[in-house]
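Here are my notes for you on this one, written as numbered points. Have the structure open beside you and look up each piece as you read.

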Amino acid sequence: MAEVNLRKVVKRYDEVEAVRGIDLDIADHEFVVLVGPSGCGKSTTLRMIAGLEDISDGDIMIGGDVVNDVPPKDRDIAMVFQNYALYPHMTVAENMSFGLRLKRYPKAEIKARVDEAARMLDISELIDRKPKQLSGGQRQRVAMGRAIVRNPKVFLFDEPLSNLDAKLRVQMRIEIKKVHQKVRTTTVYVTHDQVEAMTLADRVVVMNHGRIEQIGTPTELYHSPATRFVASFIGSPAMNFIPCQIEDAGGKPQIRLSDRIAFPLPAARAARYQKIPRTDKLLLGIRPEHVTEASAHAESGVEPFDAVLDVTEPMGMETLVYFPLHGAQVCGRVNPNAGAQDGAPMRLAMDLNNMHLLNEVTGAVL
Amino acid sequence: MTTITIDKAGPTRKTKYGSMSRDRAWALRWSYFFLVIFAIFFLTPPIYMLITSLKTSAEISAATNPWWVFHPTLDNYIALLTSNQFLRFFWNSAIVSIFVVSITMLISVPAAFALSRMRFWGSTVLGTGVFLTYLIPETLLFIPLFKMFVVIGDWTGIQLINRWYVLLFIYPTLTVPFCTWIMIGYFASIPKELDEAAIIDGASWFQTLTRIFIPVALPGLIAATIFAFTVSWAQFLYPLVFTTSTDQLVMPVGIITTLIKGDVFNWGQIMTGALLGAAPPLIIYAFLMDYYIAGLTAGATKG
Amino acid sequence: MADVALQPSSTAAARTAQKRSGLRNVLGRKSTIAFLMALPLILLIATLVIYPAFYAVHLATLNKSMARFVGTGNFEFLFKRETFWLVVKQSCIFAITAVIFKAVIGFIVAHFVHNIPAKGQRKWRGMLLVPWVIPPAMSTLAWLWLFDPSYSAFNYTLSFFGIGPIPWTGDPYWARFSVILVNIWVGAPFFMIMYLAALKSVPDQLYEAAAIDGANWWQRIWYVTLPMMRNIIAITTLFSLIVTFANFDIVRILTAGGPLDHTHIFATWAFRVGIEGSDIPLGASVSLFMVPILAVAAIFILRDISKRGNEA
């Protein structure tokens, strides 16, 4: 068990910088998820921690020791790959014990460890099968078992659930969380799926273009994203961005969305946005769950408006409604009984207590 | 074509299906008909070998139906299998082939591993070079090679010409490039994550090769082994050039140079010898056909 | 405070310097291991393939006793000999005719095998590949016996149809025919197996789509099968061209170049001149004439193979 620290880690391929100076401190026992779109450098970062890629600059420390030049086998890490990378000619037990056998552990201990890991993952009865005879979910468990028996300082997961179907992915997600609760090994987990990131992580690291956009707990990222990228990447359906401007109407700041629609800023927010130049092009960021059907009694900060719906998507427990607003397509979540219909006008309300305001040019959240 | 025009007249779906299966049945019958004809063409020589090998010299020179054995006998087989000379040829062939297969595998498997997984200076050039070498036929090199070994003999006093073991130096030029090439193909098809997993599990490069790559690419290894064996067993030009004494000859050359004595052709024994010479590759083929074919097609479909 | 701030940065610098050199060592070690693993291969190719190839060029410039440099004298001598031009002509006829027939027969047989139910295919494929498996020197002996001037089993059979006796290896034209026939017999199964592998790799949906688009049997072959197999046909044909052009075993055993040098090809004539005639320089010169054609074929193969690589 150990903490992992990255200090200004850079990875260059010839001319291209895949990772552009990453600083990250992962505490002991922590479960950290690196998330971002493909090509953001998250996998490269993980592979540098594993020692599968050389680092071009900076330092990586595992358990306080700099491991820049330490070969993977001496870093005391275990890795789970996207395609499982099970040795096809070995049985489940042999797959799981390969590392221990290479290190010449006593047979009895190997057996004890394999049995324990197999029990933990509920694959005891598969122990003598070859990978070919296993289903995708079972292979995934074996790959995790192979990591667990090593009892390493750090677990590294490289998009381990991407090859599974949606249902199995949910199930394995829970499984991974349970395993982590049991073994408490420091874990770095890479995924492009923000749902996986939110559900698994103690802390999420959002990456884009080889840089860290934001580090925080899932709730922090969801409720106070630092950049437009994080705001749009986290949450599904994604946050709406509506072009807007701040103007003063009778001494009170208000936010203008279109010629017809302008809302007064909620009192709590007014002070925060006071200093913004009135000429700046801004974006109103608002999550779909804060665009709902208008209710009969008014609440402070919840502003009703009229919209003509383009499309509605009944999801069962809610209905997603899409409508145009000042050139942007906006998504809202309304009660299925609210009577939303394709092409029909509807009275909606925006909860500005949960609004975000972004600079359209820099993407910074103000 | 005619059946198709007829079905167009038939309006219902049912007849259409019926005539389609009738079409297919005819296509099938024609396929079998031609396959039988080709099989006869392809199998006549080996079958004729077998027929002749079961005949006495008297029956061969009698003007009877050559396609039938009237008085079958195993005399030819007994004569050859008790002849020290013939057994010597067989032994020479066997020992040369086994050594060549071992040498080939020892050279080509590590080289293929290095070329498919570990980049080093000039490795891509070498990969292409290996394939080009495979395209160089033995008929281009036999004269300079012969002269080279004569010169080596003159300089060092180590006489290699007319010794069966000179073939152990020569044959690998035929087997190694192709075996390396197909092993590169097989190794390249192993996912990269598999060796990364092995490295994280603590395996060295050598252990990754022996404990992961070789077992996983075993079918390729078998195909390459079969190829190396059949090539060295069947090679005719090099032993013809490099060996002359009867105790140094391998099977194909031995049969041709000793059983054909001047104008006297003892065809019963020649055919028996040819059949026995063809037996090891045929037996391997019969048991490992899929590997044999995989190796054959690998050259063009892999890499 | 200043000390504390300075110290970590200086150790970090030292560590960075150490890391660079260490990293280079690791990289160096890995590629050194790789190089060592490939070294036997490199040595083999260098000493027993590349060196002899250049040595052949050197030999070709010497006189018969290999004591004197004669420059292009051997080539000039060859150009003046009628036999040489006969060999050139025969090699080309032999290679081109044999390869075309091998390719066509292989294609037809592969189609028939592909046509029959899958469970019988293995058996037929197994049977039809037999000529390729038997060492050619051994199977050519069987052909030699089938072509025997006095006891030819073919002539025996043909006599019932009032044909023959045919001088299979005695007449220059029949001898050429026989040599090519045996070559086709040996090589066609190889084409068959390659085509069969290629046919299997054409997805069924393509044929279904073509059938829905109204393509008949012939159009399906022309617009689906052939384009899909084009690359493998090209590679197999070029490869076979090299092997056939450089063939030795069949001609040597069946006719030994006769009658009257009318079946000699480069390899057998080089052997006759260089080894049997003990004129190594002249033999080397003869075999060098194979290089241009082989080189052209090799270049095309390389191009096709790399194209396949790019497609994948």
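1. Let's start inside chain B, where eight residues of domain 1 touch seven residues of domain 2. On the domain 1 side of chain B, α2 and α3 (57-61) of chain B each supply at least two of the touching residues. The top contributor on that side is α2(B), with four residues. Sorted by class, the domain 1 side has three nonpolar, four polar and one charged residues. Bear in mind that you are looking at a predicted model.

2. Now for the two domains themselves. Domain 1 of chain B covers 20-73, and domain 2 of chain B covers 83-289. Measure from one C-alpha centre to the other in your viewer and you should find 33 Å between these two domains.

3. Chain B also meets chain C. Here 74 residues of chain B are in contact with 73 residues of chain C. Which helix of chain B gives the most to the side that touches chain C? That is helix α2 (residues 13-53) of chain B, with 15 residues. As for the chemistry, the side of chain B that touches chain C has 60 nonpolar, 13 polar and one charged residues. So α2(B) is worth colouring in: this helix gives the most to the side facing chain C, and it also gives the most to the side of domain 1 of chain B that touches domain 2.

4. Chain C is easy to describe. It has 14 helices and zero strands, so to speak a plain run of α elements when you read along the sequence. Of the 312 residues in chain C, 41% are buried. Take the contacts in chain C with a separation of 6 or more: 68% of them come from residues 24 or more positions apart.

5. Chain A has both kinds of element, with nine helices and 21 strands. Along the principal axes, its C-alpha atoms fill a box of roughly 80 × 45 × 35 Å. Buried residues account for 40% of the 366 residues in chain A. Among contacts between residues at least 6 apart in sequence, 67% in chain A join residues at least 24 apart.

6. One sheet to find in chain A is an open one of six strands, in the order β6-β7-β8-β3-β9-β10, with mixed pairing. Which strands sit at its edges? They are β6 (77-80) and β10 (211-216) of chain A, each pairing on one side only. Neighbouring strands in this six-stranded sheet are turned by 20 degrees against each other on average, ignoring direction. For a parallel pair, look at β7 (residues 154-158) and β8 (residues 186-191) of chain A, which are joined over five bridges. Within that pair, Phe155(A) stands opposite Thr187(A).

7. Another sheet in chain A is open and has three strands, β17-β18-β19, with antiparallel pairing. Why is one side of β17 (311-314) and of β19 (328-334) of chain A left without a neighbour in the sheet? Each stands at an edge and has a single partner strand, so there is nothing beside it in the sheet on the other side. The average turn between neighbouring strands here is 25 degrees, direction ignored. Between β17(A) and β18 (residues 319-325) of chain A there are four bridges, in the antiparallel sense. Zoom in and you will see Pro314(A) opposite Thr319(A) of β18(A).

Notes:
Residues numbered from 1 in each chain as written. Chains lettered and ligands numbered in written order. Predicted model: local features only at pLDDT ≥ 70, side-chain atom pairs only at ≥ 80, totals over all residues. Contact = placed C-beta atoms within 7 Å. Nonpolar A, V, L, I, M, F, W, Y, C, P; charged D, E, K, R; others polar. Pairing = 2+ DSSP bridges. Axes fitted to C-alpha atoms, helices over the stretch in contact; angles between N-to-C directions. Domains from an automatic or database assignment. Buried ≥ 20, exposed ≤ 12 C-beta atoms within 10 Å, placed from the backbone.
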